[in-house]
Amino acid sequence: MGTYNKGILGAFSGKVGPVVGATWRGKEVMRSLPKKSNRLATTFQQQQRSKFTMTTEFLGGVQPVIKRYFGSDSGLKTRRNQAMSYLMKEAIVFNDPNYEWDYTKILISKGDLLGINNGAVAAGTGQNLDFSWTDNSGQGEALATDKLVVVVYEPTSKAMVYSLNAGGRSSGNATLALPNFLSGLEVLVWATFVSSDDKLFATSLYLGAVTVG
């Protein structure tokens, strides 16, 4: 059942006859109900669904990072939409008979701030990961107070671990403690820098695969 807010000419939500009313990004919209179809999906449609499922699953574990630091949160596309579009187009490859991630092309942030210089990651003591980089504070808009943001992904369990403030740009190094269940497993790591007020952010860098101690 649909509910009218301002009479017949006002906005409504829910279903009324063949149309559905809803609020989308602050705007009142109305769309027709989708028609059921018995046609089998084309090969292209099946491929797109596979890529969509992969991307949705990946982004679900890193939402707090994406919603803050991917592209511009203006216009019709949300930051999540922008990340979804990029990953589906650029970071998924077909390895017959399946689609797979090209981890080197995955981005967890996309912006104009100066990124990581000579970034590296290595297994530390216990379940720690040790990060290092060359301090490039003062170049462009890069500041000593910029925060290191890291994302760690274990592909078998699809577990995600992230930190929104793992260290400062000027320190040149940082350590991230991982959960015990990741001990002995290979994880994939991305990192980026963001300003202390979260208003500026760099395009992320894939640091590679590391086996957790």
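These legends accompany close-up views of a predicted model.

**View 1. An aromatic pair joins helix α1 to strand β6.** Let us start with the rings, of which the model holds ten aromatic pairs. F58 and W101 make one of these pairs, a tilted one, with 5.3 Å from centre to centre and 50° between the planes. The pair links distant parts of the chain: F58 belongs to helix α1 (residues 43-60) and W101 to strand β6 (residues 98-101), 43 residues apart. Both F58 and W101 are buried. If you widen the view, you will find F58 and W101 in one aromatic cluster together with Y103, Y153, W190 and Y206.

**View 2. W133 and F193 meet edge-to-face.** Here the ring centres lie 5.6 Å apart and the planes stand at 75°; because that angle is over 60 degrees, the pair of W133 and F193 counts as edge-to-face. This pair, too, links distant parts of the chain. W133 sits in the loop between β8 (128-132) and β9 (147-154), while F193 sits in strand β12 (residues 186-194), 60 residues apart. W133 has a relative accessible area of 7% and is buried. F193 is buried as well, with a relative accessible area of 0%.

**View 3. Four strands form an open sheet.** Follow the strands across in the order β10-β9-β12-β13, and you will see antiparallel pairing. At the edges stand β10 (159-163) and β13 (205-211); each has a single partner strand, so one side of each is left without a neighbour in the sheet. On average, and with direction ignored, neighbouring strands of this sheet are turned by 20° against each other. The antiparallel strands β12 and β13 are joined by six bridges. For a residue to look for here, try A191, whose bridge partner in β13 is L205.

**View 4. W190 sits among the best-connected members of the largest nonpolar core.** This core has 28 residues, and those touching the most other members are F58, L59, L87, W101, I106 and W190. At least two residues of the core come from each of α1, α2 (63-69), α3 (79-90), β6, β9 and β12. Helix α3 gives the largest share, five residues. Beyond its neighbours within four places in sequence, W190 is in contact with several residues, including F58, Y103, I106, V150, Y153, L205 and Y206. Another core, of 23 residues, lies apart from this one and has L129, A174, V187 and V189 among its members.

**View 5. Strands β7 and β8 make a hairpin.** Strand β7 (residues 120-123) runs antiparallel to β8, and four bridges join the two. One point of reference is V121, which has F131 as its bridge partner in β8. Between the strands of this hairpin there are four residues, and G126 takes a positive phi near 60°.

**View 6. S85 is a buried residue of helix α3.** To finish, here is a view of a serine. S85 has its place in helix α3. Its relative accessible area is 17%, and because buried means under 20%, S85 counts as buried. T55 lies 30 residues from S85 along the chain, and the C-alpha atoms of these two residues are separated by 9.1 Å.

Note on methods. Residues numbered from 1 in each chain as written. Predicted model: local features only at pLDDT ≥ 70, side-chain atom pairs only at ≥ 80, totals over all residues. Heavy atoms only, no water. Phe/Tyr/Trp six-rings, centres within 6.5 Å; stacked < 30°, edge-to-face > 60°. Buried < 20%, exposed > 50% of the residue type's maximum accessible area, 1.4 Å probe, protein only. Pairing = 2+ DSSP bridges. Axes fitted to C-alpha atoms, helices over the stretch in contact; angles between N-to-C directions. Core = buried A, V, L, I, M, F, W, Y, C linked by side-chain atoms within 4.5 Å. Contact = heavy atoms within 4.5 Å.
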